[in-house]
Amino acid sequence: MAPRYDNSYKETDFERIFLDFMQMKEFAKHPLIMKSAKGVWYEDVNGERYLDGLSGIFVVNVGHGNSRIIDAMQTQLHELTFNPPLHSTNLRALELAELVASLTPGDLRTIKLFSGGSEATEAAMKLARQYHKQTGNPGKYKVVSLYGGYHGSTMGALAASGTTRRKTAFEPFGTGYIHVFPPTCYRCPYGLDYPDCDVLCARIVDDVIKREDPSTVSAFIVEPISNTAGIVTPPERYFKILREICDKHNVLLIFDEVITGFGRTGKMFAAQTFGTTPDIICMGKGMASGYAPIGGVAFSDRIADAFLGKEEEQVQFNHGHTFGGNPLSCAAALANIKEIEERDLPRKAAETGAKIVKRLQELDHLGIIGDIRGKGLLVGAEFVRDLKTKQQFEERLRFGIQVGKAALEKKLLLRYDPNWIAFAPPLIIEDKEIDIMMKLFEESLEHTLASLNPPSIE
Ligand SMILES: Cc1ncc(COP(=O)(O)O)c(C=O)c1O
């Protein structure tokens with residue numbers, strides 16, 4: 001079939017391609033086919049422009065059409081596009097590992113590269129298991145994680161995820177995945193208030209590990225800020241307490257920074273934003289800003305040393321993927337990360353994020369934004385019917401989804417869920433584009449509210 005760069009697709013064309021988390025019959029009614037992008041703007045095949053309020057999907061941190069990255073990739077294309085992974089590595093992978101290691105906190109300076117976020121989280125959990133096996137704790141295999149969290153679509157990553165909607169169709173998973181309640185302060189699962197609660201949601205993990213038997217628990221995996229749970233942002237002491245508990249029980253602390261990494265929360269990694277160094281950091285999405293698929297894990301000397309035994313011991317991490325460390329992806333990631341560093345985009349993310357928060361606070365008069373969460377350019381707003389009681393909109397209204405769809409009608413791309421909405425534009429977004437984004441969002445809110453209460457006809 002010859003490519004068609006116009007809107008001449010028929011509904012039935014979409015029965016032979018499945019998109020992510022998408023009902024294809026519904027998509028076919030209003031297909032969106034992107035043709036090009038520049039900066040914070042997409043253009044579809046009909047010539048309509050969309051403001052990218054979500055960096056694609058928390059990916060395009062440096063914006064679209066960045067010529068430095070494109071040039072680096074072009075140069076790499078002429079040089080080397082694939083090396084034999086069982087026999088060799090390549091120059092770009094080595095440079096990338098060195099650069100990433102110089103940016104991670106603490107001694108997380110050993111890197112393994114992959115093609116995306118799920119590969120990174122799977123690998124982190126496998127790394128934890130094998131680490132314990134060869135350091136005298138072969139019984140440690142369980143993984144503790146948060147309800148509401150998301151670590152990817154593959155079976156292990158999904159088992160550790162706590163997103164009911166995405167999981168149940170694929171159950172049962174392997175054993176040993178334990179979930180605890182997330183730090184949702186606005187709706188505390190224990191009915192407490194911060195700081196009087198003394199961060200029970202973190203402290204309780206100690207009890208959970210004891211009840212599971214510490215000699216069976218290998219790792220705690222957590223997103224520093226959970227997207228799928230609703231941009232859940234832990235209170236200050238949360239990670240410090242978790243760090244202490246993990247140390248006490250020899251449980252590895254894994255930060256899933258697939259969304260939060262590479263400047264999004266105001267520092268290069270959210271570990272730095274929260275001032276806690278985990279044992280492993282998982283990366284993906286913003287690592288190459290979507291110019292090529294890439295992911296990775298960075299881990300501590302303690303873990304790396306357990307795999308760097310004497311030659312005769314033949315200790316190796318028994319894990320790999322064909323496209324891990326692909327030279328083209330590494331060239332893209334290198335140019336991308338240098339761009340983030342040199343333009344000080346993490347600082348810009350912190351400053352711009354504060355402007356979005358302020359604009360959301362100014363919508364107070366609408367009386368439906370109950371909570372504003374997030375850090376840097378990862379900002380979420382939770383909708384409520386009643387600010388005082390925090391009562392949510394009736395489920396059947398799917399209020400947040402209606403707002404998100406209204407925004408899409410107005411050519412603004414956001415992350416939406418029945419009860420909340422999230423903003424995560426490219427870190428390069430300028431003030432005038434923030435103005436457009438927030439105006440379109442306000443109009444979308446007003447439109448949705450008006451559709452709930454249509455004016456009566458006299
Ligand atoms: C926090 C987090 N971890 C892991 C993943 C999985 O990454 P990927 O879709 O690249 O496999 C995602 C994807 O959305 C994510 O948000």
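## Exercises: a ligand site and some ring pairs

An oxygen atom of the ligand is 2.5 Å from a side-chain N or O atom of S118. The model is predicted, so local features need pLDDT of at least 70 and side-chain atom pairs count only at pLDDT 80 or more, while totals for chains, interfaces and linings use all residues. Residues are numbered from 1 along each chain as its sequence is written, and side-chain values use heavy atoms, with hydrogens and water left out.

**Exercise 1.** Describe the polar contacts of the ligand with the side chains of D256 and K285.

*Solution.*
- Step 1: recall that a polar contact is a pair of N or O atoms within 3.5 Å; within protein, one must be able to donate a hydrogen and the other to accept it, and residues adjacent in sequence count only if both atoms are side-chain atoms.
- Step 2: for D256, a polar side-chain atom lies 2.7 Å from a nitrogen atom of the ligand.
- Step 3: for K285, the distance from a polar side-chain atom to an oxygen atom of the ligand is 3.0 Å.
- Step 4: of the 390 Å² of accessible area (Shrake-Rupley method, 1.4 Å probe; for residues, only the protein chains shown count as cover) that the ligand has on its own, the protein covers 79%.

**Exercise 2.** State how the shell around the ligand divides by class.

*Solution.*
- Step 1: list the surrounding residues, among them G116, Y150, E223, D256, V258 and K285 (near means a heavy atom within 4 Å).
- Step 2: apply the classes: Ala, Val, Leu, Ile, Met, Phe, Trp, Tyr, Cys and Pro are nonpolar, Asp, Glu, Lys and Arg are charged, and the others, Gly among them, are polar.
- Step 3: the result is three nonpolar, five polar and three charged residues.

**Exercise 3.** Classify the ring pairs F262 with F269 and F307 with F317.

*Solution.*
- Step 1: rings of Phe, Tyr and Trp (its six-membered ring) pair if their centres lie within 6.5 Å; planes under 30 degrees apart are stacked, over 60 edge-to-face and the rest tilted.
- Step 2: the whole structure has twelve aromatic pairs.
- Step 3: F262 and F269 have ring centres 5.1 Å apart and planes at 65°, so they are edge-to-face.
- Step 4: F307 and F317, with centres 5.7 Å apart and planes at 70°, are therefore also edge-to-face.

**Exercise 4.** Are F307 and F317 buried or exposed?

*Solution.*
- Step 1: buried means under 20% relative accessible area, exposed over 50%, and partly exposed in between (1.4 Å probe, protein chains only).
- Step 2: F307, at 9% relative accessibility, is buried.
- Step 3: F317, at 18%, is buried.
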